[in-house]
Amino acid sequence: MLNLLKKFKNNLTTGELSFPKNLPYKDAEFIIIGSLFKTYKAKRINDNKEVIIKLPYKKIDLNVFRGKMLIWAKLNHQNIARLYNYSINLIFHEIEYCGK
């Protein structure tokens with residue numbers, strides 16, 4: 001646990017948690033870092049809707065990522081956040097913000 005906290009603190013001080021400027025979102029706010037993805041809350045520029053953006057910070061298998069996104073896109077259940085958008089080229093996914 002202590003090593004994880006040190007790694008997290010190092011990421012914060014080196015700026016690795018900054019949100020990329022080439023994505024169509026604004027007011028991005030870092031939420032948490034998981035085992036593969038950094039998670040942000042942001043607003044889409046085109047309609048101002050609050051969404052969650054997940055960006056990998058470790059190398060991921062693109063075929064596995066694509067497969068998971070294709071399955072997730074078909075899911076429709078009240079207890080599963082909806083997948084709104086994803087990109088294989090930019091390697092991110094946008095999901096429903098379930099807060100507030």
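This passage goes through the overall build of a predicted model and then zooms in on E94.

Starting with the big picture, the protein has 100 residues, and its secondary structure adds up to 2 helices and 5 strands. Read from the N terminus, the order of elements is α-β-β-β-α-β-β. As for packing, 27% of the residues come out as buried. The accessible surface is about 7,200 Å², with carbon and sulfur atoms supplying 54% of that area. Contact range is another handle on the fold: taking contacts in the protein with a separation of 6 or more, 31% are between residues 24 or more positions apart.

Now for E94, which sits in strand β5, the stretch covering residues 92-96. The relative accessible area of E94 is just 2%, and since the cut-off for buried is under 20%, E94 therefore counts as buried.

What does the side chain of E94 pair up with? One partner is Y25, whose side chain makes a polar contact with that of E94 at 2.3 Å. Another is R44, and here the polar contact between the two side chains comes in at 2.7 Å.

Both of these residues also turn up in the wider list of neighbours that E94 touches, once residues up to four places away in sequence are set aside. Besides Y25 and R44, that list holds the run V51, I52 and I53, plus R82, L83, Y84 and N85. So, to put the local picture together, E94 is a buried residue of strand β5, with polar side-chain contacts to Y25 and R44.

Conventions: Residues numbered from 1 in each chain as written. Predicted model: local features only at pLDDT ≥ 70, side-chain atom pairs only at ≥ 80, totals over all residues. Heavy atoms only, no water. Helix = DSSP H or I, 4+ residues; strand = E, 2+ residues; numbered from the N terminus. Buried < 20%, exposed > 50% of the residue type's maximum accessible area, 1.4 Å probe, protein only. Polar contact = N/O pair within 3.5 Å; in protein donor to acceptor, adjacent residues only side chain to side chain. Contact = heavy atoms within 4.5 Å. Areas by Shrake-Rupley, 256 points an atom, 1.4 Å probe, with all protein chains shown as cover.
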